[in-house]
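Dear colleague,

I am passing on the structure we spoke about, with the sequence alongside. Please look through it first; my notes on what was found follow below.

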Amino acid sequence: MKCPRCGSEMKEGMLFCEHCGGEIRMVQDFEPEIDGIVTGLENASNFRQAKVNKENEEEWETGAPASRGRRSGRKKRALLTAGCAILLAAGITAVIWGLRFRNADYQYGRAMRYIQAGAYDTACAYAERAVRLAPDDAEYLSAYAVCLAQTGLREETVSVCRRILELDASNEQAYRALVAIYEEDGDYEKINELLLSCPDEQIVSAYPAFVAKPPEFSYESGIYDEALSLRLSANTSGTIYYTMDGSMPDETSPAYASPIFLEAGAYQIRAVFVNQYGVASEEAEGSFYVDVTVPDAPQVSPEEGSYSRPTLITVTGGENCRIYYTTDGSAPTQDKTEYTGPVPMPVGVTRFRVICYSLAGAAGEEVSLTYSLNLRASLSIEAARNKLLIELMAADMIQDMDGTVETGSGHYVYNYRYAVTIDGSDYYLYREYYEDGAGNSAATGTNYVVDIMDGTCYKAVQTAQTAARAAEADGGQDASRQGETERHAGAEQTEGQAVQSQAAADPWSSLTLQALGAQDRTSDG
């Protein structure tokens, strides 16, 4: 089929020439109602012609003379009648078709019928005609976009969908079509730009991975009188990059992995989020000024070095501050052990790290010392424990080396804590725990000591006040230590027990020794 205007070849069913835009004025398939009108007119014409033929036959059969002029006149009238009927049918058809050809609703309805039937090429012509008649109707544009997308016209589909969004910014179908096209092209920047411009959060939430929103700060910009633990968060999976000196962040900047601690002074935090598709967000920025007093570095005694007898580590900090320490080499932070009194030096090599925090949360300078405690002992820690178990069995306090008790299904466990000096002699100190049949463990409040030289065993008794403080310091920490082996003792031996005497410079001076069997087991638990 060729365009009558420019002569270019045209696709079947097109109503407008793709080259010159000329309208194809032709009568297409008749609708059922139009066919009915034409059929009725043709039937009337045929009935008239049949009547004339019948009259001619009767004249021939009766032998009645018929004048040539009369037959000729009848024939002319029959032909004229038939011609008028045909012209009338064609006219009515043209009028009806013309009305429908210029009716947008009709064109849209026909387009939808062909879309439902999967005939997108034919539907496209009707949808295009509806759009030309009503260019600002989002519904007609949506049908047209469906046809274009199904026929592979990607650029035209994008153009029509963009027009739809100009008319209806929350048209979900248009977003869905555009996202599909951009994703297929790998153009994630355009997807991000498209979704960020969408006013309907429900539509945006359907594509969370494609959106790169600026990072959010856990604190607003401002002046603070306490240290801040600033958290940055993103809307989806990806990486946050930030700077603290006011420079522009990019993928070479530090990656955010944990809260940023703002201690004292001025901070200019700038951050950007990059999603899993490599799309960067707009920048987020915050200005913070923290006005707090930073504590001085703590004073630690004794000096680092090697020691051969039990030694206490004491720490002194400034006023209105808290002291935290570790003995396993990890960084001393506010979630570590708080110093409340002298700490027994662990046996072996220990890296003691300590720091002061102000009440506002500002950290001072850290102090780190290395100690080596090598006791001149005849018994090892494990050998001394076995000696204690044997003595407890001899005193009928336990039934066997597993600490089994005479009644009940539980048993006693004796964990090494640290080395102490009492009345000039050196001892290993063991804390007693009761473990029931279900594996639950709790400290009994009883401590035993074993002489590191001759293995003599005693019960170490504290004053009532000191014992209460020690129990409060343990506060549930003992339960987590059940069943621990000696190789773990080095990292734990100072936890929760440094407060055995907060008032005394030497907490060991509050301990007195009691021979085994000189007390009632019931009172021990």
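In which loop, between which two strands, is the place of Pro302? Before the answer, please bear in mind that this is a predicted model. Pro302 sits in the loop that runs between strand S9 (299-301) and strand S10 (305-307), and the peptide bond that joins Ser301 to Pro302 is cis, with an omega of about 5 degrees. A second backbone feature is found at Asn320, which has a positive phi of about 55 degrees although it is not a glycine, and which lies in the loop between strand S11 (312-316) and strand S12 (321-326). As background to both, most peptide bonds are trans, and most residues other than glycine have a negative phi.

Turning to the helices, an unreviewed UniProt entry lists residues 104-137 as "repeat: TPR". Over residues 104-137 the chain is 79% helix and 0% strand, with the C-alpha atoms of the two ends 10 Å apart. Helix H4 (residues 120-133) packs with helix H5 (residues 138-150) at an angle of about 150 degrees, their axes being 9 Å apart, and the crossing of H4 and H5 is left-handed. On the H4 side the residues in contact include Tyr120, Cys124 and Val131, and among those they meet in H5 are Tyr140, Leu141 and Tyr144. The residues of this contact of H4 with H5 divide into 13 nonpolar, 1 polar and 1 charged.

The sheet I would look at next is an open one of 5 strands, in the order S17-S18-S19-S20-S21, with antiparallel pairing. Strand S17 (411-422) and strand S21 (512-515) stand at its edges and have a single partner strand each, so one side of each is left without a neighbour in the sheet. From one strand to the next, the twist averages 35 degrees. Within the sheet, strand S19 (residues 441-451) and strand S20 (residues 457-461) run antiparallel and are joined by 4 bridges; Asn447, for instance, has Ala460 in S20 as its bridge partner. Helix H10 (residues 381-394) packs on this sheet, where it touches S17, strand S18 (425-435), S19 and S20, and the direction of H10 makes about 120 degrees with that of S17.

Finally, as regards aromatic side chains, a search of the whole structure finds 19 aromatic pairs, and one aromatic cluster is formed by Tyr307, Tyr325, Tyr339, Phe352 and Tyr371.

With best regards

Definitions and conventions:
Residues numbered from 1 in each chain as written. Predicted model: local features only at pLDDT ≥ 70, side-chain atom pairs only at ≥ 80, totals over all residues. Heavy atoms only, no water. UniProt positions renumbered as here; feature names shortened; annotations may be inferred. Axes fitted to C-alpha atoms, helices over the stretch in contact; angles between N-to-C directions. Left-handed = near helix turned anticlockwise from the far one by under 90°. Contact = heavy atoms within 4.5 Å. Nonpolar A, V, L, I, M, F, W, Y, C, P; charged D, E, K, R; others polar. Pairing = 2+ DSSP bridges. Phe/Tyr/Trp six-rings, centres within 6.5 Å; stacked < 30°, edge-to-face > 60°.
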